[in-house]
Amino acid sequence: MRELQPLNDNVLLDLSEDKKEQKTASGIIIPDTAKEAPQYAKVVAVGNVENPGIAAGDTVFYKKFGGTEVEFEGKKYLFLAYDDILAKIVETEEIQVERQVN
């Protein structure tokens, strides 16, 4: 089995997404080429980064025009510098905010 391993401060993201056909409310089919690519992806591997805040399996939000897209064994990946990751997407409980009446 072969795998991609990012070097230096690079992170490998999985760009494979569900290829579900999307339609508008009026029934017009939107082709894949017209869709804007999402700016979030699942982390596959992290290179040599000191104290990374992410790990394989995390979902991250990244800069729009960063990185290098590659296709490897039929899947799309993105090599991205660790500094181009903007946030880690985490699941949290809904926070209830109480309003004070003045």
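## Exercises on a predicted model

Setting aside neighbours within four places in sequence, aspartate 84 is in contact (heavy atoms within 4.5 Å) with Tyr62, Lys63, Gly66 and Gly67. This is a predicted model in which local features need pLDDT of at least 70 and side-chain atom pairs count only at pLDDT 80 or more, while totals for chains, interfaces and linings use all residues. Residues are numbered from 1 along each chain as its sequence is written, and side-chain values use heavy atoms, with hydrogens and water left out.

**Exercise 1.** Determine where aspartate 84 lies and whether aspartate 84 counts as buried or exposed.

*Solution.* Begin with the position: aspartate 84 belongs to the loop between strand 7 and strand 8, where strands (E, at least two residues) are DSSP runs numbered from the N terminus. Then take the accessibility: aspartate 84 has a relative accessibility of 18% and therefore counts as buried, the term meaning under 20% relative accessible area, with exposed over 50% and partly exposed in between (1.4 Å probe, protein chains only).

**Exercise 2.** Describe how the side chains are arranged along strand 5, and name the partners of this strand.

*Solution.* In a regular strand, side chains alternate between the two faces of the sheet. Along strand 5, Val60 and Tyr62 point to one face and are buried, whereas Thr59 and Phe61 point to the other and are not. Next consider pairing, which requires that DSSP finds at least two bridges between two strands. Strand 4 and strand 5 run antiparallel and are joined by three bridges, with alanine 41 standing opposite valine 60. Strand 5 and strand 8 also run antiparallel, joined by four bridges, and threonine 59 has isoleucine 89 of strand 8 as its bridge partner.

**Exercise 3.** Identify the residues of the largest nonpolar core and the strands that each supply at least two of them.

*Solution.* A nonpolar core is a set of buried Ala, Val, Leu, Ile, Met, Phe, Trp, Tyr and Cys residues joined through side-chain atoms within 4.5 Å. The largest has 11 residues, namely Val11, Leu13, Leu15, Ala41, Val43, Ile54, Val60, Tyr62, Leu78, Leu80 and Ile85. At least two residues of this core come from each of strand 1 (10-14), strand 4 (40-46), strand 5 (59-62) and strand 7 (75-81). Beyond its neighbours within four places in sequence, valine 43 has several contacts, among them Val11, Leu13, Ile54 and Val60.

**Exercise 4.** Locate alanine 56 and state its exposure.

*Solution.* Alanine 56 sits in the loop between strand 4 and strand 5, and with a relative accessible area of 54% this alanine 56 is exposed. Its C-alpha atom is separated by 6.9 Å from that of valine 46, 10 residues apart along the chain.
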